[in-house]
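Student: I would like to learn how to read salt bridges in a protein model. Please take me through them.

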Amino acid sequence: MYLLPNFVAGRPGIVEHDFAGVVAHSKSTEWSEGDPVFGWIPLGHALQTREGALAEYVVVPDNCLGRRSPSIKPTEAAGIAVAAMTAYEALIVAAKLEEGQSVFINGGSTSVGIWAIQLAKAVGARVVVSGSEKNREFLTNLGIDEFVDYTQQPSLAVHLAKEPPTTKYNVFFETVGLPDPSLYTLSEKYLAPNGIFISVGPQFHSLREVGQLSRLILNIIWPRVLGGVKRRY
C-alpha cells in the first residue's frame with residue numbers, strides 16, 4: 001500500500017510541522033540512530049506524503065533536522081524550527097537587517113516575536129516591541145531597548161503615527177497576524193522611506209474581519225503613483 005499514490009491509498013493527512021525526538025534510522029552519514037534532534041516537515045513534503053508531526057514517526061530530508069542538545073527537552077525543542085526560521089527569513093533574508101538599524105516588532109511575546117528579538121539583537125539592531133504589561137519583564141530580559149504597552153492604546157497604529165520615533169524604523173515586523181490594515185497604511189509616519197513592512201501573514205477569525213483583510217490587500221497592491229502606501233510590504 002505504501003507504494004500507491006495518496007489519492008488511491010487514501011492515507012489520512014497528519015497535521016503540524018515542528019517536531020523533536022531521536023533518530024530511529026538514517027541513510028545519511030551525518031546522523032546516527034539515537035541522535036537527539038529537532039526539525040520541521042516542509043509544506044511540500046507534507047502535502048506529498050501527508051506526513052505530520054503529530055505521529056509516532058516522521059520521515060524527512062536530513063537537511064530538515066538540527067542537532068538538539070541533550071540538555072534541551074524534546075518538548076522545549078519541538079516549537080523551535082518554524083518560528084525561528086520565520087523570524088530569520090523575515091529579518092535576515094527579506095529585510096536584511098543590519099547593525100545600527102532599528103526594528104519594531106509587533107507582538108514581541110509571540111513565538112516568532114521571541115526569536116525575532118534575539119536575532120535582531122544578535123546583529124546589533126535597536127529593538128522596540130509591543131506587548132502587554134504582564135510580559136514586559138520577560139521581554140526586557142530578552143534584551144529589548146524599548147517597550148510599548150499596546151493595551152494602553154486604543155490603536156497601536158494611531159499611537160505610533162502620533163508619536164513616531166526620532167529616527168524612523170528600518171523594519172516593521174508584524175508577528176501577530178492582524179488583518180487590520182492600519183499598521184501598514186499609517187506606516188509612512190514611523191517607517192523609514194527605504195524601510196520594509198513584513199507580516200507573518202494576516203489571519204482572520206470572524207467574517208467581520210474579511211473586510212479588513214480585503215482593505216489590506218487593496219492597500220498592498222494599490223500603485224504609489226495613485227496614492228498608495230509609499231512603503232514596501
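**Reading salt bridges**

Tutor: Start with one residue: Glu133 is partly exposed, at 43% relative accessible area. Buried means under 20% relative accessible area, exposed over 50%, and partly exposed in between (1.4 Å probe, protein chains only).

Student: What kind of model is this, and how are residues numbered?

Tutor: The model is predicted: local features need pLDDT of at least 70, side-chain atom pairs count only at pLDDT 80 or more, and totals for chains, interfaces and linings use all residues. Residues are numbered from 1 along each chain as its sequence is written, and side-chain values use heavy atoms, leaving out hydrogens and water.

Student: What is a salt bridge?

Tutor: A side-chain nitrogen of Lys or Arg lies within 4 Å of a carboxyl oxygen of Asp or Glu. This structure holds four of them. In one, Glu133 pairs with Arg136 at 3.1 Å, N to O. Arg136 is partly exposed, at 32%.

Student: Which parts does the salt bridge between Asp35 and Arg67 tie together?

Tutor: The N to O distance in that pair is 3.5 Å. Asp35 lies in the loop between strand E1 (18–22) and strand E2 (36–40), and Arg67 in strand E3 (residues 65–67), so the bridge joins parts 32 residues apart in sequence. Strands here are DSSP runs (E, at least two residues) and helices likewise (H or I, at least four), numbered from the N terminus.

Student: Is Asp35 buried or exposed?

Tutor: Asp35 is buried, at 15%, whereas Arg67 is partly exposed, at 48%.
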